[in-house]
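Trainee: Could you walk me through the inside of this protein? I'd like to start with the empty space and then turn to the packing.

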Amino acid sequence: MGAVLSSIFGGGAAYAAESSSSEPSRVKEFPSSDRWNLYFNSAKQVPKLMVIDFSATWCGPCKLMEPALNAMSSKYTDVDFVKIDVDQLNDVAQKFQVEAMPTFVLLKNGKEVDRLMGADKAGLEKKIEKHREKPKFAA
């Protein structure tokens, strides 16, 4: 499925946010509601945890969370991280009833399983740990 999405979107690099570290960010960004809807509808078919960061370029707390989100995206490679700019995709923010920034919405199969408002790195990581599929190790 990743290959299909890559062919549709032209590869993840076009939508990845720049990271301050040498490692590229795994956080996906979308330039239009149409692209977001296409991606979201495909992601509904996969039981993978998705973390959506609703933010804005002018939001100070959002900027503070960006390095932490990039680090979590590298740490939790089994989780899908998405960043939505509320000014660019206001319709998407309204659909998810975002009232403050940053707001983090956690989804599985397209359904909300949790939410966090505010720049709370530890709180976000705790929610990710709670809802992600834990890797299964052979005994």
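What follows is a short chat about the cavity and the cores.

Mentor: Quick heads-up: this is a predicted model, where local features need pLDDT of at least 70, side-chain atom pairs count only at pLDDT 80 or more, and totals for chains, interfaces and linings use all residues. Residues are numbered from 1 along each chain as its sequence is written, and side-chain values use heavy atoms, leaving out hydrogens and water.

Trainee: What volume does the largest cavity have?

Mentor: A cavity is a set of points on a 1 Å grid over the protein atoms alone where a 1.4 Å probe fits but cannot get out. Points are joined across faces, edges and corners, and the volume is the space filled by probe spheres set on them. The structure holds one cavity of 30 Å³ or more. Its volume is about 40 Å³.

Trainee: Which helix and which strand each supply at least two residues of its lining?

Mentor: Lining residues have an atom within 4 Å of a point, and they include Phe-40, Ala-43 and Leu-107. Helices (H or I, at least four residues) and strands (E, at least two) are DSSP runs, numbered from the N terminus. The two you're after are helix H2 (33-43) and strand E4 (103-108).

Trainee: Which element gives the most to the largest nonpolar core?

Mentor: Such a core joins buried (under 20% relative accessible area, 1.4 Å probe, protein chains only) Ala, Val, Leu, Ile, Met, Phe, Trp, Tyr and Cys residues through side-chain atoms within 4.5 Å. This one has 21 residues, and Trp-36 and Phe-96 are among those touching the most other members. The top contributor, with four residues, is H2.

How values were computed. 1 Å grid on protein atoms, 1.4 Å probe; cavity = no way out; pocket = protein on both sides within 12 Å on 5 of 7 lines; lining within 4 Å. Buried < 20%, exposed > 50% of the residue type's maximum accessible area, 1.4 Å probe, protein only.
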